[in-house]
Amino acid sequence: MLEADRLYTTKVPREKAQLHRMMSPLSRRLLLLVCLTLPVNGVEKVRSRGYRKDPDADKYGSCMQGPAGTTGRDGNPGTNGIPGTPGIPGRDGLKGEKGECISEIFEEPWKPNYKQCAWNSLNYGIDLGKIADCTFTKLRSDSALRVLFSGSLRLKCKNACCQRWYFTFNGAECVAPLPIESIIYLDQGSPELNSTINIHRTSSVEGLCEGVKAGLVDVAVWVGTCADYPRGDASTGWNSVSRIIIEELPK
């Protein structure tokens, strides 16, 4: 028996053996070819025995898998998510150290405080002593006093002489920082010329004094001699207006 006939007889059911005997060898070969080309259920079942199906067969078919493609670009950023629920409140911290108590001082805005005393034609010809005074109310102890005297001054002498005009506060000269003063010095010349010199000039004595306590303050202008020089013939406020101006200033 040929090999084709043997294969055919193993695949043909027994109930069809009679039909097999009646067919010629050529017919049996043709029938075998048809069976191999169009498998029947029985043959399919035979082929399926012991065969494990590739799980990727349905995905890629019967073709081989190709190389991996290039990595795609990043997608657009997603929208913000829903805010989470608030967390549990934390525990209280450690107790801090006791701070220092600082008392704040609220002061009122500074208000101007000044005064002026004026005289017309003092014509005061003394060489030693008080010329004029002006009473002033000082509001604060930590402030300073600005004082000004303006008027005509004159010094006359045959020999060298010097006169000094200065301020006092409640009878004492300023010590903070220094006295407030102005001097006129006249040098010795010919007796005939010096005897006729009589020049009156408007001058000023001005300065700041600190350390004067608050309250009523007597501010005065005096005339006296210079150290180590003889006095001359002094004159203050001749034929003109003389004035004292006092102003309280913050430090």
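Begin by selecting Ile244, which is located in strand β9; strands (E, at least two residues) and helices (H or I, at least four) are DSSP runs, numbered from the N terminus. The model is a predicted one, in which local features need pLDDT of at least 70 and side-chain atom pairs count only at pLDDT 80 or more, while totals for chains, interfaces and linings use all residues. Residues are numbered from 1 along each chain as its sequence is written, and side-chain values use heavy atoms, with hydrogens and water left out.

**Around Ile244**

Is Ile244 buried or exposed? Ile244 has a relative accessible area of 0% and is therefore buried. The term buried means under 20% relative accessible area, exposed means over 50%, and partly exposed lies in between (1.4 Å probe, protein chains only).

Next, display the contacts of Ile244, a contact being heavy atoms within 4.5 Å. Not counting residues up to four places away in sequence, the residues that Ile244 touches include Lys115, Trp119, Cys134, Leu148, Phe167 and Val221. Then select Val147: the C-alpha atoms of Val147 and Ile244 are 7.1 Å apart, although the two residues are 97 apart in sequence.

**The nonpolar core**

Now widen the selection to the largest nonpolar core, which has 24 residues. Such a core is a set of buried Ala, Val, Leu, Ile, Met, Phe, Trp, Tyr and Cys residues joined through side-chain atoms within 4.5 Å. Which members touch the most other members? They are Phe167, Phe169, Ile244 and Ile246. To see where the core residues come from, colour β2 (129-138), β3, β4 (161-169), β6, β7 (215-225) and β9, each of which supplies at least two of them.

**Charged pairs**

Side chains of opposite charge can pair when their charged atoms come close. A salt bridge is a side-chain nitrogen of Lys or Arg within 4 Å of a carboxyl oxygen of Asp or Glu, and a search of the whole structure finds seven.

Select Asp233 and Arg154, a salt bridge whose closest N and O atoms are 3.1 Å apart. This pair links distant parts of the chain, with Asp233 in strand β8 (residues 233-236) and Arg154 in strand β3 (residues 143-156), 79 residues apart. Asp233 is partly exposed at 34% relative accessibility, whereas Arg154 is buried at 9%.

Move to Arg164 and Glu173, where the closest N and O atoms of the salt bridge are 2.7 Å apart. Here Arg164 counts as buried, at 14% relative accessibility, and Glu173 as partly exposed, at 30%.

Then select Glu210 and Lys251, whose salt bridge has its closest N and O atoms 4.0 Å apart. Glu210 lies in strand β6 (residues 201-210) and Lys251 in the segment after β9 (241-250), so the pair ties together parts that are 41 residues apart in sequence. Glu210 is partly exposed at 36% relative accessibility, while Lys251 is exposed at 66%. Finally, select Arg146, Glu206 and Glu247, which are joined into one network by salt bridges that share partners.

**The whole protein**

Return to the full view, where the protein has six helices and nine strands. Of its 251 residues, 25% are buried. Among contacts between residues at least 6 apart in sequence, 82% join residues at least 24 apart. The protein exposes about 19200 Å², and carbon and sulfur atoms supply 54% of this area; accessible areas come from the Shrake-Rupley method with a 1.4 Å probe, and for residues only the protein chains shown count as cover.
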